[in-house]
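Thank you all for making the time this morning. I would like to walk through one structure with you, going from a single side chain outwards to the whole chain and then back to some details of the backbone.

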Amino acid sequence: MHFPIALFFLSIFEFCTQVSAASVPEHPVTQEKTLKHNTLIVYSGHSSVPSHIKIREGFQERLKLSKPENEHVEVYEEYIDDYRLNITKEKLDTYFIGLWNAKYADVKIDMVVTVGPTADNLLSRHPEFFADAPHYQVRVSGLTNTIQHTTNNPNNILRLFDVISAVLPNTERLIVVVPDKSSGYPSKLIDDFKAIKRFFSPKAAIEIWNDFSFDELYNRSKLLPENTVMLYFPVGVDKLGQRKLPVDVIKQLAQVASAPIFVHDDTYLGLGVVGGYLRNIKQEGDIIGRLILGLKVPTSVEEYDAEVRGYFFDYNALKRWHISEKNLPPNSTIVNRPESPFYVYRWYIFMSFAILVETLLIVMLIRSVQRSKKLTLELAQERNLLEERVKERTSELEESQLLFQDAVSVAKLGVFNYDLTTNELRWDDSMYAIYGVDPQNRNLAYEVWQHAVLPEDLLKAEYELHAAIEEHKAFDTRFRIQRPDGKIRTVQALAQFYRDEKGAPLRLVGINQDVTEREEAEAIIHNFAYFDALTQLPNRRMLTEQLKHAISFSHREQKQFAVMVMDLDKFKPVNDTLGHRAGDALLIQVAARIKARLREHDTVARLGGDEFVVLLANIHSLDDTARVANALIETLSKPFVLAQSNNVQIGTSIGIAFYPQHGIDADELIDKADIALYQAKHN
């Protein structure tokens, strides 16, 4: 059997780090000189702009993951809008010239990045500033470098229109919303739109809106005819000089526009827009981080687009505008897709309805028999016999009905009957109790139910209702309601349509069940099943599922990840001398320090006692893992402050295994990391 010899393990004793592996260098490593790198990033907006936040997250995560220990990186960030509101446009250049002369006189800037047209134009007007540093710009077309190369692909604009043509083939009119040239937005973008009109005529007329106030934009978008589509590029200033965040503009526009809206980057996804061929802004921030560190970055238009761009669409917007998923481009990603609920009591409910229907039929039969006074003696005898049987059956059914009513009350079930032709809605007493409505209010309509359902759940519930009508299936969904007393309850709804001979729906008969307590209980059970009670970290069961997902993803995408098994050195003396309460408090602080050192998509779990496991997903190199391990060793070597003592010092031992080098399933990876941990302690 071939046993992996590349297991990588770390250990610290008495706060000194030792590294043990299959092969150790014979000669000592010479300490390298610390390198310094200063980067200036100038944003056109202010620090709360979502696209700026995504860029910042992207390069910060890259620096945290990949920055070598012998390199000092300093990132200076300036936000023009933090100053622009307090100074006139004519004094903008003068102000920043003075600011930069004072602030960066003694700082050697190695790279400059401008985000947005205002920042780009400002530095373009003054090339004497930071002239020796490469200058990168984050524009609407993507990240570009005016000195070395450009990643702007002119076909991307044409591809935006191709997406619209494929998704909505009946488009007759395309409205392109862009800022006015005077706003600092690249005028070439408007010229590009005008140049490609000939590719769409006469199939679709293209209009460019770039001279409007915000109120004019909203009012015009309300009156758009059918088969019209809007393509939105970020607008921050209107013709009156009023300033707004482009995100706030698109939120309002998506609410009032009578046409679907497509965009060019993922900042606006989830705000009511359909989607399109989008830029991943956070990924552009990652590329900036790699540029700072001198790592590999895309060197061609094709490599850049493959890494940054993709087809993304919002599920709710697709349903709102009746866009078929069959028309979406291949490899499209759909976000915000709702999950299908599962109901336990489905067949019991339908059996209960069958009993009620049978009861009504028997009552009608009794009345019919009572009206038959002219029957012959033979018929009379048979009638008497039938009446006796009916009485017996009626007694059984009445008893069953009482049992059913008790079951309905215990299960918090309510029955409703909705007449689709008259819009009349009838509830039983249990439904009134579930919704907190006065039973005296017998004049119910569909709008009463609409008013009770929370707005964020109403769209999904109505979509399921229309889907059940169109696809001839049962109505089956879950939503939340707000009762008149202000309480929020969760309701499961299950119903069946009754149709005429042509298949048109006539009425909807079904039940509602209050499942609020069940949801809360399921959440508690889930927490006990998957999370550690002391530290609230994932437990072994949750870790196993996370490892399975990581293995599946890494196998499919040809990626690698690392599993780190840690246990605490000198933890037992803390328990023995200070008590178990001190030990528990120490474990909680240890869990917090480990989480603070990891990325958002990494996982740390507690297996029990003082043993922890860290899953580092999608690592780029083995050195990345070594840097994370050293960071964990460093943070856990610092003193802890407990109620029993303000200077508790411990250490940690770490064993590491890599997928797929050391194993292809969860148990094998943890076992190999355990072996590495044992070797580290033995060292």
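**A walk through the model**

Let me begin with one arginine: R593 lies over the face of F640, at 3.6 Å from the ring centre. Please keep in mind throughout that what we have on the screen is a predicted model.

R593 is part of helix 20, where the buried residues are A582, G583, L586, L587, V590, A591, R593 and I594. The helix itself runs over residues 580–596, and because 17 residues at 1.5 Å a residue should span 24 Å, the 25 Å between its end C-alpha atoms agrees with what we would expect. What, then, covers the buried residues of helix 20? The cover includes strand 21, helix 19, strand 22 (603–608), strand 23 (611–619) and helix 21 (622–637).

That brings me to the nonpolar core. The largest one has 31 residues, and those that touch the most other members are L586, V590, I594, F612 and V614. Strand 21, helix 19, helix 20, strand 23, helix 21 and strand 24 each supply at least two residues of this core, and the largest share, 6 residues, comes from helix 20. If you would like one residue to follow by eye, I suggest I594, which, leaving aside its neighbours within four places in sequence, is in contact with M566, V604, F612, V614, L632 and L636.

Helix 20 also has a neighbour in a loop, and here I would like to turn to T535, which is placed between helix 17 and helix 18. Is T535 buried or exposed? With a relative accessible area of 13%, T535 falls under the 20% cut-off and is therefore counted as buried. Its side chain makes a polar contact of 2.7 Å with the side chain of D532, and once neighbours within four places in sequence are set aside, T535 is in contact with L587, I588, A591 and R606.

The next residue along, Q536, sits in that loop too, between helix 17 (516–530) and helix 18 (540–557). Q536 has a positive phi of about 60° although it is not a glycine, and at 43% relative accessibility it counts as partly exposed. K570 also has a positive phi, near 65°, in a residue other than glycine. K570 is found in the loop between strand 21 (560–569) and helix 19 (571–578), and its 35% relative accessibility makes it partly exposed.

One further backbone detail concerns a proline, P660, which is found in the loop between strand 24 (651–659) and helix 22 (666–682). The peptide bond leading into it from Y659 is cis, with omega near 5°.

Let me now move to the aromatic residues, for which a search of the whole structure finds 15 pairs. In one of them, the rings of F96 and W100 have their centres 5.5 Å apart and their planes at 50°, so the pair is tilted. Both residues lie in helix 3 (residues 92–103), 4 residues apart, which is about one turn of the helix. F96 is buried, with a relative accessible area of 1%, and W100 is buried as well, at 4%.

A second pair, Y232 and Y268, is edge-to-face, with 5.7 Å centre to centre and 90° between the planes. This pair links distant parts of the chain, since Y232 is in strand 10 (residues 228–232) and Y268 is in the loop between strand 11 (261–262) and strand 12 (275–279), 36 residues apart. Y232 and Y268 are both buried.

F96 and W100 also belong to a wider arrangement, in which ring pairs link Y76, Y95, F96, W100, Y104, F129 and F130 into a cluster. There is, in addition, another arginine placed over a ring: R220 lies over the face of W209, at 3.9 Å from the ring centre.

Finally, a few words on the chain as a whole. It has 22 helices and 24 strands, and of its 683 residues, 45% count as buried. Among contacts with a separation of 6 or more, 64% are accounted for by residues 24 or more positions apart. I will stop there and take your questions.

Conventions:
Residues numbered from 1 in each chain as written. Predicted model: local features only at pLDDT ≥ 70, side-chain atom pairs only at ≥ 80, totals over all residues. Heavy atoms only, no water. Buried < 20%, exposed > 50% of the residue type's maximum accessible area, 1.4 Å probe, protein only. Expected span 1.5 Å × (residues − 1). Contact = heavy atoms within 4.5 Å. Polar contact = N/O pair within 3.5 Å; in protein donor to acceptor, adjacent residues only side chain to side chain. Phe/Tyr/Trp six-rings, centres within 6.5 Å; stacked < 30°, edge-to-face > 60°. Lys NZ or Arg CZ within 6 Å of the ring centre and 35° of its normal. Core = buried A, V, L, I, M, F, W, Y, C linked by side-chain atoms within 4.5 Å.
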